[in-house]
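Colleague: I should be grateful for a close look at one part of this protein, followed by an account of its setting in the whole.

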Amino acid sequence: MSALWAWIILAAVVGTSVIVVEAGRRLVAGRLSHRWPGAGRVARRCTAPAFAFAVVVSSSTAMPYQFIGGHAEDVVRHAMRIAAIGASTWLVLRIGYALSDPPLARLMRIEGERNRRARRARTQMLLLRRIAAVIIVVLAVGAALFTFPAVRAVGAGVLASAGVAGLVVGIAARPTLGNLLAGLQLAFSDALRLDDVVVTQGIWGRVEELTLSYVVLQLWDDRRMIFPVSHFTEQPFENWTRHSSRLLGSVELHVDWTVPVEDLRAELYSALKENPLWDRREWMLQVVDVLPSGLVTVRALMSAADSASTWDLRCDVREHLVSYIRDRHPEALPRLRVGPEPVVDGAEAGVDGAEAGAGDPPPATEDEVAEGRHADGARAVPREDGPARAKSLRRA
């Protein structure tokens, strides 16, 4: 057979393989896609690597190596072998990604109580897919390198001294391996998932991306903070959505002693009932502290479905309570009282002094008690009775 016919046969074989792949693509993306909608997406994702694989394999099979001759024949054979490895790896990766994308997309659309389990499954699937892709690429690169005779000789020597080589590689790749194991630990221990709301180092953010080497947090102002995966296994962090996305929000106000607590409590409940962000689970208003400046601290608690709703609800309630106190009870606005100390009657002071004894200091006045000092200038030590037990939250 002449060289011309050999090259014609090669072209025919390559053309036939391309036609077969195109016919299969049309069949899967056409008729089968009406019955299985996901088949069309798989066909579109795998079209380019499938054509490359068909061309490389058919060319390698029908290549007339006898007409190339000399050193060029070995070079062409070697190049076709490496191209076949690359095309096969590309096709396998595309098939894996095309088959795993539909279930991942379905998991993103799950809301409600099942959302936490869906985010956990999605996180684990993404990490497993990345690990599988890394393993496939590493095996493909190894297979391509072992097609070189010199590399095969080095590989045999490495296998002979596998213990020392493994120790050296382990020490050199310790950070990478640590991040890899940390990513697996986070994914399968359910400590961190995609879309979780976390607080670490005083930074609030939502987990946008979780890989084998880093975690991307989306901050409230749309900035991105990137942490190594090992940070979340070595440092403590808050996970606001580990078991549920529901949260309690608090609003604190410093007001005067004359504030009508019962009226403020009723106004809070009225405002919450009209706010769509309140999930109607729990609410409360309490006086939680008395400040030395003559003010009291009033804290309002309310529940919401997630962290974003909690933040907005807190802002709405704070604005409403501030407006209510300013408009309806201006006497309860914060103020600082300054005045003379009360004068004690002389006769009463003498009687008190006789009963108390000449050596005892006079009793502290009300202002001195409020300021935390005795009449002789010494600081008063408050009793450590501890806070009273808080009442349970009010249920809607």
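In which loop, between which two helices, does Pro 64 lie?

Modeller: The model is a predicted one, and Pro 64 is found in the loop that joins helix H3 (37-62) to helix H4 (70-108). With a relative accessibility of 3%, Pro 64 counts as buried, because buried means under 20% relative accessible area. Leaving aside residues up to four places away in sequence, Pro 64 touches Ala 6, Trp 7 and Leu 10. Trp 7 is 57 residues from Pro 64 along the chain, yet the C-alpha atoms of the two are separated by 7.0 Å.

The setting of this loop is a protein of 396 residues, of which 31% count as buried. The protein has 13 helices and nine strands. Among its contacts with a separation of 6 or more, 65% are between residues 24 or more positions apart. The accessible surface is about 24,600 Å², and carbon and sulfur atoms hold 61% of that area.

A contrast to Pro 64 is offered by Leu 145, which is placed in helix H5 (residues 115-145). Leu 145 has a relative accessible area of 41% and is therefore partly exposed. Together with Val 137, Val 141, Phe 146 and Phe 148, Leu 145 makes a nonpolar surface patch of about 400 Å².

The strands deserve attention as well. Five of them form an open sheet with antiparallel pairing, in the order E4-E3-E2-E1-E5. Strand E4 (224-228) and strand E5 (238-239) stand at the edges; each has a single partner strand, so one side of each lacks a neighbour in the sheet. The partnership of E4 with strand E3 (residues 214-219) is antiparallel and runs over five bridges. In one of these pairings, Tyr 214 has Pro 228 in E4 as its bridge partner.

Finally, the confidence of the prediction should be considered. The average pLDDT of the protein is 75, and 71% of the residues score at least 70. Among the elements, helix H10 (residues 261-273) has the highest mean pLDDT, 92, whereas helix H12 (residues 346-356) has the lowest, 44. Over residues 346-361 the pLDDT stays under 50, and the model gives this stretch two contacts beyond four places in sequence. Residues 366-390 also have a pLDDT below 50, but that stretch has 21 contacts in the model beyond near neighbours in sequence. Where pLDDT is low, the predicted coordinates should not be read in detail.

Note on methods: Residues are numbered from 1 along each chain as its sequence is written. This is a predicted model: local features need pLDDT of at least 70, side-chain atom pairs count only at pLDDT 80 or more; totals for chains, interfaces and linings use all residues. Side-chain values use heavy atoms; hydrogens and water are left out. Patches are made of residues with over 30% relative accessible area and no salt bridge: like charges are joined within 9 Å, nonpolar side chains (Val, Leu, Ile, Met, Phe, Trp, Tyr) within 5 Å. Accessible areas come from the Shrake-Rupley method with a 1.4 Å probe; for residues, only the protein chains shown count as cover. A salt bridge is a side-chain nitrogen of Lys or Arg within 4 Å of a carboxyl oxygen of Asp or Glu. Helices (H or I, at least four residues) and strands (E, at least two) are DSSP runs, numbered from the N terminus. Buried means under 20% relative accessible area, exposed over 50%, partly exposed in between (1.4 Å probe, protein chains only). Contact means heavy atoms within 4.5 Å. pLDDT is the predictor's confidence in each residue, from 0 to 100. Two strands pair if DSSP finds at least two bridges between them.
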